Amino acid sequence: MIKIGLTGGIGSGKSTVSKILNDTGFKIIDADNISRTVLSKYPEILEKVKIEFGSGFFDWRGEFRRKEFGSHIFRFPKQRKKYEDIIIPYIKREIFEAIDKEEKNGEKMIILDAPTLIEHNLHLEMDHIIIVWVDNTTQIMRVKNRDMISRDEAINRVNAQIPLDKKREYATIIIDNNGDILKTKKQVNGVAEFLKVICK
């Protein structure tokens with residue numbers, strides 16, 4: 001089975017590209033979805049969070065205050081690293097189980113949509129890497145507008161990942177998403193045709 005890694009940076013438009021590929025018929029494994037489900041599947045994760053970060057990120061019902069916690073860890077890189085050390089092993093386990101399942105089901109190709117594919121060395125398991133790229137100014141503006149946060153908060157979130165210009169060095173394919181949706185779709189359709197050819 002051919003494994004394609006799809007990544008980019010926050011605000012790069014990776015999710016848009018992923019949706020177009022999904023609509024074209026490719027099997028997508030979404031690491032973001034997995035990262036959300038592991039919190040309910042493995043209650044010990046939030047227990048570890050409570051021990052490491054305190055109960056202040058949980059409301060009176062014990063519900064995890066995800067948004068407040070996210071803002072906190074993006075401001076403090078060491079805190080973010082501590083959280084990633086807790087949650088990433090669970091996410092990786094689920095990703096590899098999902099890949100194994102698709103291979104056993106006879107899939108010829110899967111696309112792993114993962115925002116931190118390179119940061120967590122998942123790119124080493126892939127046959128090809130697609131990078132969705134935008135310039136830094138566009139990236140910060142999109143994050144600020146999308147998440148309705150300050151420019152400083154947007155910069156913190158962008159800087160929490162490897163710069164897109166650095167990620168380009170890992171790419172087999174680069175999708176330039178600085179333009180409008182029609183330009184992006186045209187590029188993605190070209191990528192889809194290439195993937196269909198190598199999948200035969």
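## Helices lying across the sheet

In this predicted model, helix α9, made of residues 181–199, lies across β1, β3, β4 and β5. Follow α9 along its length and you will find it running at about 160° to β5. Helix α1, residues 14–24, also lies across strands: β1 (2–7), β2, β3 (109–113), β4 and β5. The angle between α1 and β1 is about 145°.

## The sheet itself

Now turn to the strands. In what order do the five strands of the open sheet stand? The order is β2-β3-β1-β4-β5, and the pairing is parallel. At the edges are β2 (28–30) and β5 (173–176), each of which pairs on one side only. From one strand to the next, the twist averages 20°.

You can walk through the pairings one at a time. Strands β2 and β3 are joined in the parallel sense over three bridges, and here Asp30 has Asp113 in β3 as its bridge partner. Between β1 and β3, which run parallel, there are five bridges; Gly5 has Leu112 in β3 as its bridge partner. Towards the β5 edge, β4 (residues 128–133) and β5 pair in the parallel sense over four bridges. Look there for Val132, which stands opposite Ile175 in β5.

## Strand β3, wrapped up inside

Why is β3 described as largely enclosed by the rest of the structure? Because five of its five residues are buried. Their side chains are shared between two directions: Met109, Ile111 and Asp113 point one way, while Ile110 and Leu112 point the other way. Both groups are buried.

## Lys14 and its partner

Lys14 is a good residue to click on next, and you will find it in helix α1. Is Lys14 buried or exposed? Its relative accessible area is 6%, which is under the 20% cut-off, so Lys14 counts as buried.

Which side chain does Lys14 join through a polar contact of 2.5 Å? The partner is Asp113, a residue we have already met as the bridge partner of Asp30. Leaving aside neighbours within four places in sequence, Lys14 is also in contact with other residues, including Leu6, Thr7, Gly8 and Asp32. Ala114, Pro115 and Val132 are on that contact list too.

## Helix α5 and two of its neighbours

Helix α5 covers residues 77–104, and it packs with helix α3, residues 44–53. Their axes are 10 Å apart, and the packing angle is about 160°. An angle over 145° counts as roughly antiparallel, so that is the description for α3 and α5. The residues making this contact are Glu44, Ile45, Lys48, Val49, Glu52 and Phe53 on the α3 side, with Gln79, Lys82, Tyr83, Ile86, Ile87 and Tyr90 on the α5 side. The crossing of these two helices is right-handed.

Helix α2, residues 31–41, meets α5 at another angle: the two axes cross at roughly 110° and come within 9 Å. Angles of 65 to 115 degrees count as roughly perpendicular, so α2 is roughly perpendicular to α5. From α2, the residues that meet α5 are Ala31, Ile34, Ser35, Val38, Leu39 and Lys41. Their counterparts in α5 are Tyr83, Ile87, Tyr90, Ile91, Glu94 and Ile95.

One more residue of α5 deserves a look: Ile88. With a relative accessibility of 14%, Ile88 counts as buried. How far apart are Ile88 and Ser35? In sequence they are 53 residues apart, but in space their C-alpha atoms are 8.3 Å apart.

## Two loop residues with positive phi

Let's finish in the loops. Asn121 is found in the loop between β3 and β4. Although Asn121 is not a glycine, its phi is positive, at about 65°. Its relative accessibility is 45%, so Asn121 counts as partly exposed.

Met148 is in the loop between α6 (136–147) and α7 (151–159). Here too phi is positive in a residue other than glycine, with a value near 55°. Is Met148 buried or exposed? With a relative accessible area of 74%, which is over the 50% cut-off, Met148 is exposed.

Technical notes:
Residues are numbered from 1 along each chain as its sequence is written. This is a predicted model: local features need pLDDT of at least 70, side-chain atom pairs count only at pLDDT 80 or more; totals for chains, interfaces and linings use all residues. Side-chain values use heavy atoms; hydrogens and water are left out. Two strands pair if DSSP finds at least two bridges between them. Axes are lines fitted to C-alpha atoms, for helices over the stretch in contact, and angles run from 0 to 180 degrees between N-to-C directions. Contact means heavy atoms within 4.5 Å. Buried means under 20% relative accessible area, exposed over 50%, partly exposed in between (1.4 Å probe, protein chains only). A polar contact is a pair of N or O atoms within 3.5 Å; within protein, one must be able to donate a hydrogen and the other to accept it, and residues adjacent in sequence count only if both atoms are side-chain atoms. Angles under 35 degrees count as roughly parallel, over 145 as roughly antiparallel, 65 to 115 as roughly perpendicular and the rest as oblique. A crossing is left-handed if the near helix is turned anticlockwise from the far one by less than a right angle, and right-handed if clockwise.
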